[in-house]
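Please open the model in your viewer and keep the selection tool at hand, since this tour moves from one selection to the next and says what is found at each stop.

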Amino acid sequence: MKFFRNLAALAALLPATAGITEAMAQAAPLDNPSTLTIVANFSTGWVRNFNPYNETTRLYSAREFAYEPLIIFNTLHNGRPHYRLATGYDFSKDLLKLTFTLREGVLWSDGQPFTAQDVVFTYEMFKRFKALDTLDIWERLAAVEAPDAHTVIFTLKRVNANSLYELARIPVVAKHIWSKVADPVTFTNPDPVGTGPMTEVRRFTNQLYVQCRNPHYWDAASLKVDCLSFPQIGNNEQLLAAARNGKLDWFGAFMPDIERTYVAADPVHHRYWFPPGGTVAVNFNFDSPNPGNRAAFRNVNFRRAVSMAMDRRAIVDIAGYGYPIVNEYASGLGRLYQDWVNQDAERQFGKFAKYDKDGARALLAESGFRDVDGDGYVDNPDGKPIRFDILAPNGWTDWVNTTQLVVEGLNAIGINVRVSTPEPASWAQKLIQGDYDMAINGYFTGETPHRSYDTGFHSRFSGKTRTAPTRFNNPELNAALDAFVATIDPDEQRRSMDKVQMILAANSPYVPLFSNPIWYEYNTKRFKGWFNADNPVARPDVFDGTPERLLHLLALEPVNGGG
Amino acid sequence: MAFLLRRVGFYVAAFIVAATFNFLIPRLMPGNPVDIMFAQAGGTLPPEALAALKETFGFIDQPWPAQFVAYLKSVFTWDLGLSVKFHPLTVNEVLLRALPWTLMLVLTSSLIAFAIGSLAGILAAWRRGGRFDSIGAPIALMMQAMPPLVTSLLALFLFAIYWPVFPTGYAYDPEIDPGFTLEFFCSIFKHAFLPIVTMALAQVGGYLITMRNSMINLLGEDYIVLGTAKGLSDRRLRMAYAARNALLPTVTSFAMTLGASFGGALVTEVVFNYPGLGYTLFQGITARDYPLIQGQLLIMTLAMLTANFIADVLYVALDPRLRKG
């Protein structure tokens, strides 16, 4: 009993200690810089790693915010350049030399001048430490030199217009700091010296860190936010809780029924905008281990029938809560790149991308697919059965629900298919190794549609990466994709991209379903200037991998003009 | 003595077997760390990064025998290598970030559950059939059956969201800087309250029932009857004779809990956003971070075997019958 008495006494102390803590918190000095609270990724505890080349524990505020890119290309506006550390670029006539002109007067955050020597040093460092070369740029680069302090000339091994986008975004680090580092691969760069707007780390704990204004920032006139605050958030549920309480300013997450869960908590200030992003599609394995399935997948009419059985509108509304954008392009182009559309290809093959259950059944029937063995499902014309699972990564609920609707659509036209949800690691492994029949998959985005198609269907990636599991090898397609990057003439590029789309539309090697939304939610309570549907300046998300977030940061300012 | 030596021999053998399994099983899972990094990164990690990543993580690509030798060495040098998922942190650093919090949570909640459960079990057995026993024992069983996830979520919802008495997450208030200040310790206490209480609640039922059952078995023994006949007080009989003997099974289960503490408490950590080893191991497994998985499993094995060994030693101290041989 004495034990319980003591416990009661302890419990009585609780409100007292709670009170003490509150009082102590309020007594902290009120030094009030305008602070933007951001959640750019989930973490179970921050690691003080500002090394911009580390792919595992790097803080997602190192690139763009601490280390500024040379040029930012605006994906939402056809790749229009915004010049940052560089003021211009120039291709030589043979397209093998790319010259960047660097901006004058740019300083590192410790006051030292930023020059072309830093760029050369950075690339030379990649040569010595391959682990830092995260774009494997030396596979395409022959040499880099700096004829003077504000000019850098890159010499390419072969013509590739895309190299411009790559070279413009690789973070450049300071020669006078990194030349003294013994092992830059494991260097965590705890106090970054950068060219970006936010380089000073004011506070750092596992649960929260604050990154503040660069005292020598070259574009300080455009920067109206003083500090960025990054609370540690572990999963979607915690993110939703913090967002509902109005604690976050800028983040991106999938929120089921967002009007009710997020906006309703503060209808005036809680906003969101989901512009179209990368394509999500169903992949066929042209080299499926099962001969019956393989024969079916290699038949273009079977693939077209699969495409016509997809009720994309229902998939988007039910599985995606209406957030994604339907992709009914025969070539799978996607709304993000609508300016590049090949109208001819869409006219000829567009009907195969629209929901038409009866048309699908008819197409299967007239191609010879019928129920030979009497099990209620169609088989190959030669009698081999068609039976498989479609893979979706476990835990990615919107994709899993999408796959279930896909299966319903396929069962309705007589195809014997079920859902299988392996762990994401296993799903990725099976796609790479070709140990699957059908799967749901997502594609990359880039400044132009080339990146998505190239990483998806060029033979050099085929069977080696998760985004190229189809194993559809078409030399004409390879040639058209290569021709696109062999020139910087917009008309020639347009012709190549038209050809790419025509080949894909005619062959339907995959079944695009929708464009994944770009997750972007914001809070107008403390800051204004946000990008949204009425102000679509650039891609608005705060994720690492979207350089445009720097432009977004510079567009923001405090609501009350200060503090 | 011979008894203890036999036990030590058994534990060494158990350790060797466990260590070998800890090495093999993670590597038998399909998938490898680099491919998984691409799968989980979605659109941010371009396929060109493959070369750079293979270069960074070359240390896990060596043939298994070489890795096994390095692993065995690490048992003695305590250098568990570089983590893959948390590169460039070493496995030691990753585990140390979470270890103090996990130990605090698990040890405190286990001690509280053990103390309360055992005392209540003694009371329930002594007044067998009485009011406390008829109500307490079924309630304990019900709490034991309730999944810890349900208890945690209920506690979070009721006491942190609906009535915001306690914070919803974190180990301490993010606004406070860690240091030896009263403010910091108060914050830790406040943030640890709900996790500790929910974890204690999940275990208390087990201790209560175990203690009650072993006490009830003993209450019919001759020496208890003799003690009552000789006029010993209720309390002395209950504590010094019956409870002391009934304690033995509970001690074993308590030792096992302590040993398992290095595995963390995954549910509590996820619900309360608390740093801990459970979630670290979970992340290591999904990322196929072999050095982290085998390092953590090694520590868990050692902890479990040590705890069992201590339980054996305690048994010898508590139970004179074992001292004879």
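Helices and strands are here DSSP runs, with at least four residues for a helix and at least two for a strand, and they are numbered from the N terminus. The model is a predicted one.

With that in mind, select A:Asn285, which is found in the loop of chain A between strand β13 (276-284) and helix α7 (291-297). Is this residue buried or exposed? A:Asn285 counts as buried because it has 24 C-beta neighbours inside 10 Å, and the cut-off for being buried is 20 or more. Now show its surroundings: leaving aside residues up to four places away in sequence, A:Asn285 touches A:Phe297, A:Gly434, A:Tyr436, A:Asp437, A:Pro469, A:Thr470 and A:Arg471. Add A:Phe472 to the selection as well, which is 187 residues from A:Asn285 in sequence, although their C-alpha atoms are 8.2 Å apart in space.

Next, stay in chain A and select residues 86-91 and 97-102, which are strands β4 and β5, paired in the antiparallel sense over five bridges. One pair to pick out is A:Phe91 and its bridge partner in β5, A:Leu98. Five residues lie between the two strands of this hairpin, and in it A:Leu95 takes a positive phi near 60°.

For the next stop, select A:Ile38 and A:Ala305, the residues with the most contacts inside the largest nonpolar core, which has 225 residues. Helix α5 of chain B (residues 91-126) gives the largest share of this core, namely 14 residues. Around A:Ala305 you can also select A:Ala360, A:Leu363, A:Leu364 and A:Ile413, which it touches when residues up to four places away in sequence are not counted.

Now turn to chain B as a whole, where 13 helices and zero strands are found. Along its principal axes, the C-alpha trace of chain B spans about 85 × 55 × 40 Å, and 40% of its 325 residues are buried. Among the contacts in chain B with a separation of 6 or more, 73% are between residues 24 or more positions apart.

Finally, select the place where the chains meet, a contact that takes 47 residues from chain B and 52 residues from chain A. On the side of chain B that touches chain A, helices α2 (33-41), α3 (49-56), α5, α8 (182-219) and α12 (277-286) each supply at least two residues. If you colour that side of chain B by class, you will find 24 nonpolar, 13 polar and 10 charged residues.

Methods
Residues are numbered from 1 along each chain as its sequence is written. Chains are lettered from A and ligands numbered from 1 in the order in which they are written. This is a predicted model: local features need pLDDT of at least 70, side-chain atom pairs count only at pLDDT 80 or more; totals for chains, interfaces and linings use all residues. A nonpolar core is a set of buried Ala, Val, Leu, Ile, Met, Phe, Trp, Tyr and Cys residues joined through C-beta atoms within 7 Å. A residue is buried if 20 or more other C-beta atoms lie within 10 Å of its own, exposed if 12 or fewer, and partly exposed in between; C-beta atoms are placed from the backbone. Two residues are in contact if their C-beta atoms, placed from the backbone, lie within 7 Å. Ala, Val, Leu, Ile, Met, Phe, Trp, Tyr, Cys and Pro count as nonpolar, Asp, Glu, Lys and Arg as charged, and the others, Gly among them, as polar. Two strands pair if DSSP finds at least two bridges between them.
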